[in-house]
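Please look over the model below with the following points in mind, which take up the ligand site, the nonpolar core and a few loop residues in turn.

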Amino acid sequence: MSNSLTKNEYNPSELKDDFIKTYGGTKDEIKLFSSPARINIIGEHIDYNGGKVFPAAINRYLYVAIRKRLDTKILYKSIQFEGTHQFDINDNFTYDKKDDYANYLNGILSQLKAKGCKFDCGFEVLMASNVPAGGGISSSSALECGFAYAVSETFGFNIDRVEIAKLGQMSEHRFMGVNCGIMDQFIISVGKEKTAIVLDCNTLKYEYAPLELGDYRFVVMNTNKQRRLADSKYNERRGQCEEALKILQDNGIKINALCQLTPAQWEDCKKHIADETIARRVRHCVYENQRVLDAVEALKAGDLARLGSLLNESHKSLDEDYEVTGIELNTLAATAQKQEGCLGARMTGAGFGGCAIALVHKDKVGSFIENVQKEYTETTGYAAGFFSCESGNGVAHFN
Ligand code: GLA
């Protein structure tokens, strides 16, 4: 696990000691796990349309310490959040707003039980995170998949990584009420240092692609805007895509996902979609899928300038056709794109707030952050968060 901690970040080498301070006992039975955040380099809002996506796990982690108990109690505590959430392994877990982050964990337990996993006792958990919560780099999937992996390894369920990803997604759908795609959970489960993955969301086939950026770095820019409408708008976009697919199928177009259309095929069949908004949603998906293929090629060829322009095009399409950006993300992207040493920038993740990424020359990262921060604060009245990242590892056990 690579880690370059700044002074405000949690140091995972303290986790066992913190666990003992919290729950008592000795260190022997405590198991430690890490789970990364992710960026999506390109391929946004197309995982649920059978598209190809190009995400990378990054070297910002959430940590889970877990120990079995002699009784059937479940205790959750976090270094960042106050209080203890207490349950029993025999509970019938259901979503409850007051349970806060514990819902993500209970959602996983409910899915594990639905799969037939049997628990012989309860357990206690202490978590710590260096992933900004609700920030668009998938803190929720990091929590779900990290916890699912920790429980699976601790109780000997030995669930493989792709199944861990599916458990996380099922928990979002059935427990949290968000009809997300599989991208976040997948990359968080299978990610590897120095790579991104090209994931075909129709087949779940994936390949590791070396993330060779030379003198360039991905800088994550956090709008620090609460994404209050994100879940409902997300489900709405997904609904619009399903509607479009049905119209096309009813008109004899033989596809089972929107991203099976090439741009040329879309231009041929777009006449079937009368609603202008729905048509723009499809246009985004089809062209975004093509941009992913182009971006993978550009990276293979070492053509970072081309990759940068594709990032810019992606953002424009997410703004104008898919309409999931907003003033904060647009300000970050536009300001970033005009900085010296920046090859391209776009929002990443669901949008409506959250984070953007920029591809920036390593010697310019300092001035880049300063300039973008200044303009962002002038426009929005509050500060953005920035950090430069490298690709990291998927969920893992560590000592
Ligand atoms: C969220 C979802 C993903 C994906 C992105 C948009 O992060 O969890 O499945 O749809 O939004 O690309």
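**Notes on the ligand site, core and loops**

1. The shell around the ligand divides into five nonpolar, three polar and four charged residues, where Ala, Val, Leu, Ile, Met, Phe, Trp, Tyr, Cys and Pro count as nonpolar, Asp, Glu, Lys and Arg as charged, and the others, Gly among them, as polar. This is a predicted model, in which local features need pLDDT of at least 70 and side-chain atom pairs count only at pLDDT 80 or more, while totals for chains, interfaces and linings use all residues. Residues are numbered from 1 along each chain as its sequence is written, and side-chain values use heavy atoms, with hydrogens and water left out.

2. The residues around the ligand (a heavy atom within 4 Å of it) include Arg38, His45, Tyr48, Gly181, Asp184 and Tyr234. Both domain 1 (12-211 + 393-397) and domain 2 (219-389) contribute at least three residues to this shell, the domain bounds coming from an automatic or database domain assignment.

3. Three polar contacts (pairs of N or O atoms within 3.5 Å) deserve a check. A side-chain N or O atom of Arg38 is 3.1 Å from an oxygen atom of the ligand, a backbone N or O atom of His45 lies 2.6 Å from a ligand oxygen, and for a backbone N or O atom of Gly181 the distance to a ligand oxygen is 2.9 Å. The ligand taken alone exposes 310 Å², of which the protein buries 93%, with areas from the Shrake-Rupley method and a 1.4 Å probe.

4. The largest nonpolar core (buried Ala, Val, Leu, Ile, Met, Phe, Trp, Tyr and Cys residues joined through side-chain atoms within 4.5 Å, buried meaning under 20% relative accessible area) has 123 residues, and those with the most contacts inside it are Phe54, Tyr76, Leu112, Phe123 and Met221. Its largest share, 10 residues, comes from helix 8 (residues 276-300), helices being DSSP runs (H or I) of at least four residues and strands runs (E) of at least two. At least three residues of this core come from each of domain 1 and domain 2.

5. Two loop residues other than glycine have positive phi values: Asp100, near 50°, and Asn224, near 60°. Most residues other than glycine have a negative phi. Asp100 is in the loop between strand 4 (84-88) and helix 2 (102-114), and Asn224 is in the loop between strand 8 (216-222) and helix 6 (230-250). Asp100 counts as partly exposed (20% to 50%) because its relative accessible area is 45%.

Note on methods: Polar contact = N/O pair within 3.5 Å; in protein donor to acceptor, adjacent residues only side chain to side chain. Buried < 20%, exposed > 50% of the residue type's maximum accessible area, 1.4 Å probe, protein only.
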